[in-house]
Amino acid sequence: MSESLSAFGNDPWWVIGLKALLIFVVLVLLTLFNIWWERRVVARMQHRIGPNVHGPFGLLQSLADGVKLAFKEDLIPKAADKVVFILAPVIVVVPAFVTFSVIPFGPEVSFFGHQTPLQLTDMPVAVLFVMAIASIGIYGIVLGGWSSGSTYSLLGGLRSSAQMISYEVAMGLALVAVFMYAGSMSTSEIVAAQDDLWFGLILLPSFVIYAIAMVGETNRAPFDLPEAEGELVGGFHTEYSSLKFALFFLAEYINMATVSALAATLFLGGWHAPFWIDEVWAGANEGYWPVLWFFGKVFFFIFIFIWLRGSLPRLRYDQFMAFGWKRLIPISLVWIVAVATMRVARNEGVFDEGFSGNPQFWLILVGVVLVVLLLTFLVPDKGSKEGDDELETATPRTGGFPVPPMPAGGAVRGAAAPLVFRTAQDTVSESVRDSGVSNG
């Protein structure tokens, strides 16, 4: 065990139990707050008021909604597999809590008179532990959709599993560069390696790919394809109600907090003070102050989640999957090769033998180029538009399903024509005109 990991595993049972209880309470309260915050932020974006009645600023609205949801009638479809139907939400929500066990909230502090790190536990493969536990939640979603006995729920579960598996691959590849640069998979050691410069700056492509993949991993808009209301009603949890639906809802928001906490830990210095505050205030990274910096970074990522939901339309499923497999994964592989090459060059002393520049400078330069290349794939090309035109003018085959006629000149693009409503004066004018025509 390395020197930094020697601080773990020595706590008495009551400290471990109290830490676990605090993590559970914090995650539940964080979920209630995030639901309220999302509704307030989206309401502000859409020029609405949002929850403002229950409690100060409407802060108790989420609690009221939770109590109302718990008292709703709990229905189990007749065609459902009852045992799996009940276990599926539990399988989803338990890993969501467990993944927070290796997230560092702060440095070593005095906790009720006992010196202990502000982290439940750590291990040499802590990040792989998070990825492995998070992937268990996919089983719960698939089983929930399958056990409902509904075609729409089954399609939602299959969509969700394919989506989460696809974007877990991109997310895992994005973290490989972090492991190589930090020289460890321990969350506490990765945070310690970012004492001078955050990995979000040095490993920019990994940061961008992870940020995109974490939205797809949590099934959030604009990547909420498993919940496509127009096609699948409500997705894999269509047949769920009452507390079982509340567990799915709870797991989604805890997963948002988990991937946000992991992003802050791996790319934004974890609990270290932002903006080099520690350079002017020596105590910024001591005691319980780092907890404030950590949650500030977590809330930043959660705000990005909310911002995306209120700004972007839902992607088409084939576009979403193609973007993950044909764009994110190849660029991640290229970036891993670039980081490995740079690390070997630095270890072999290439930069000490007259090679111009700093290894971090070249790494950032390559990273910027790959990020620009990644963003160019989001711009639609003319070829896809021409393909759409060919599809629009295609004639249906004989005996096929009846297709309504296309408008003259192809599909109408742009804004819809403004609606014009008839007035009483128009009605009177038409009546007079019609009576004149009939008299004539």
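D65 is partly exposed in this predicted model, with a relative accessible area of 25%. Its salt-bridge partner is R39, and the closest N and O atoms of the two residues are 2.7 Å apart. This pair links distant parts of the chain, since D65 belongs to helix 2 and R39 to helix 1, 26 residues apart. R39 is partly exposed as well, at a relative accessible area of 34%. Both values fall in the partly exposed range because they lie between the 20% limit for buried and the 50% limit for exposed.

**The bridges around R220**

If you like following charges through a fold, R220 is a good place to go next. Which side chain meets R220 in a salt bridge at 2.6 Å, N to O? The partner there is E38. This pair also spans a long stretch of sequence: R220 sits in the loop between helix 8 and helix 9 (229–232), E38 sits in helix 1, and 182 residues separate them. R220 and E38 are both buried.

R220 has a salt bridge with E252 too, where the closest N and O atoms are 3.2 Å apart. E252 is in helix 10 (residues 242–267) while R220 is in the loop between helix 8 and helix 9, so the pair ties together parts that are 32 residues apart in sequence. Like R220, E252 is buried. Through shared partners, salt bridges join E38, R220, E252 and R309 into one network. In general, side chains of opposite charge can pair when their charged atoms come close. The model's salt bridges number 6 by the rule used here, and three of them are set side by side below.

| Salt bridge | N to O distance | Separation in sequence |
|---|---|---|
| R220 and E38 | 2.6 Å | 182 residues |
| D65 and R39 | 2.7 Å | 26 residues |
| R220 and E252 | 3.2 Å | 32 residues |

**Helix 8 and what follows**

Now to helix 8 itself, which covers residues 204–217. How many of its 14 residues are buried? The count is 12, so helix 8 is largely enclosed by the rest of the structure. Among the buried residues are P205, F207, Y210, M214 and E217. The length of helix 8 can be checked as well: at 1.5 Å a residue, its 14 residues should span 20 Å, and its end C-alpha atoms are 20 Å apart, which agrees. After helix 8 comes N219, with a positive phi near 55 degrees.

**Two exposed loop residues**

Most residues other than glycine have a negative phi. Against that background, two further residues are worth a look. H47 is not a glycine, yet its phi is positive at about 60 degrees. It lies in the loop between helix 1 (13–45) and helix 2 (61–70). Is H47 buried or exposed? H47 is exposed, with a relative accessible area of 77%.

F112 is likewise not a glycine and has a positive phi, about 55 degrees. Its place is the loop between strand 1 (106–111) and strand 2 (114–118). F112 is exposed, and its relative accessible area is 64%.

**A buried serine**

To finish, turn to S161 in helix 5 (residues 151–182). S161 has a relative accessible area of 11%, so it counts as buried, because the limit for that class is under 20%. What does S161 touch, leaving out residues up to four places away in sequence? The contacts are I138 and V142.

Key. Residues are numbered from 1 along each chain as its sequence is written. This is a predicted model: local features need pLDDT of at least 70, side-chain atom pairs count only at pLDDT 80 or more; totals for chains, interfaces and linings use all residues. Side-chain values use heavy atoms; hydrogens and water are left out. Helices (H or I, at least four residues) and strands (E, at least two) are DSSP runs, numbered from the N terminus. Buried means under 20% relative accessible area, exposed over 50%, partly exposed in between (1.4 Å probe, protein chains only). Contact means heavy atoms within 4.5 Å. The expected span of a helix is 1.5 Å times one less than its number of residues. A salt bridge is a side-chain nitrogen of Lys or Arg within 4 Å of a carboxyl oxygen of Asp or Glu.
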